[in-house]
Amino acid sequence: MTRGPSDSGPQGAAALRGSMDATTAPHRIPPQMPQYGEANHIFELMQNMLEQLLIHQPKDPIPFMIDHLQRDNDYVPKIVILGPPASGKTTIAMWLAKHLSTNLLSVESLIAKEYSPLAADARMHYQKFKMVPDMLLIRLMQERLKEEDCVRRTLFSYGLSQSTEQSSLCDTGWILDGIPETREQALTIQTLGISPRHVIVLSAPDTILIERNLGKRIDPQTGEIYHTTFDWPPESEIQNRLMVPAGIFEGETARKLLEYHRNIVRILPSYPKILKVISADQPCVDVFYQVPDNIIMKVLKQRLDQQDCVERGWVLHGFPRDLDQAHLMDNLGYKPNRVFFLNVPFDSVIERLSLRRTDPITGERYHLMYKPPPTIEVQTRLLQNPKDSEEQIKLKMDLFYRNSAELEQFYGDAITLNGDQDPYTVFEYIESGIINRLPKKVP
């Protein structure tokens, strides 16, 4: 264990003062100092506080800094998600809000707020002109972000009785879905000191977005969004009540895309260091896994710290995806006691994925080899998801091979299995790998 200056009494303090003597520059900083700063997030804390001081410029900085520290909200989620129509930004925003236990703010949710004169004015304006003026939207957002659940962490208590009651901090914060819409809104938001930590922009070809938008369906009871080709609900009850959203036709979609492209190129320069562009031309799950790693780790930590994972253990499928994520998991103390790599020949991967098809009418999924359609009529209307093209599969496999080589080296005790056999055989091998002790590698 490394001892810090405070552990070594007057001698350590004298040594520290000597190392920081101005006449001895350049300074030789003791290693304990940056270690302490890293462990307690001192550098990020000072950066965040300086940022807030420069934005708000309070007359008396000391009370302002004390209030800022008491809020303890530097690390709550502050995320902006932008993207063209049908890119899936609302779906991703809803997933993140659910898993991070944070607040989802959109134009629709802001104007639907009850007991707010501002929201009432915005609703009247929206019903008349189908839009909300920039300044009214900004004032609505300001009003919402000042509320307690968006400002600071919340302390929750839980337990069956006082003797078993426990407390935990829950990150609240906010996610902006589709806001800002214009450069003017982005600049006004920055001027008011509303600073996101992450800006995620979804991107996809317009032809894909138009096709995707035309197949969009909405559940009027839950607000959940589905698609006739890519995300059809299996329950007949849900299928029967799905509706086509208003404004879903090709001309209107093209107009919205043109407006989006005109605005987004002027918004992006406002967030140069915190911007991440993700291709939306892939399943939502894959998009979710590409959001910044520290957001993913927040979601993962929240789940793995729950009682069922602590008592019964956990299984991660397809995660970590690269060496950086593996290091983040390891630093947080989540160390798997078994790691399995499934090897499948490249030709088998192409065969499994490129022959998948979906019936756009029923939502049923088929495979041209393993589960062919029952009739010629069904076969002629089947569609292939763009992500299942051979070109897309090859790109994903190249990335997988690069990352898996580093992960195999990181997890030195990992077990490699042949995944190109029936699932029951693969399961038996995995089961034996869990039950039996790990084999010792001969040096």
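Biologist: Is R255 buried or exposed, or what would you call it?

Modeller: In this predicted model, R255 is partly exposed, since its relative accessible area comes to 43%, and a residue counts as buried under 20% and as exposed over 50%.

Biologist: And which residue does R255 form a salt bridge with?

Modeller: The partner of R255 is E252, and the closest N and O atoms of this salt bridge are 2.7 Å apart. E252, with a relative accessible area of 18%, is buried.

Biologist: Where do E252 and R255 lie?

Modeller: Both E252 and R255 belong to helix α13, which covers residues 250-267, and they are three residues apart, about one turn of the helix.

Biologist: Changing topic, how many salt bridges are there in the whole structure?

Modeller: A search of the whole structure gives 15 salt bridges. Among them is the one between D308 and R303, where the closest N and O atoms are 2.8 Å apart. D308 is partly exposed at 32% relative accessibility, and R303 is also partly exposed, with a relative accessible area of 36%.

Biologist: Which residues are linked in a network of salt bridges?

Modeller: That network links K113, E143, R144 and E147. Within it, E147 forms a salt bridge with R144, and their closest N and O atoms are 3.0 Å apart.

Biologist: Buried or partly exposed, what do R144 and E147 count as?

Modeller: R144 counts as buried because its relative accessibility is 16%, whereas E147 counts as partly exposed at 28% relative accessibility.

How values were computed:
Residues numbered from 1 in each chain as written. Predicted model: local features only at pLDDT ≥ 70, side-chain atom pairs only at ≥ 80, totals over all residues. Heavy atoms only, no water. Salt bridge = Lys/Arg side-chain N within 4 Å of Asp/Glu carboxyl O. Buried < 20%, exposed > 50% of the residue type's maximum accessible area, 1.4 Å probe, protein only. Helix = DSSP H or I, 4+ residues; strand = E, 2+ residues; numbered from the N terminus.
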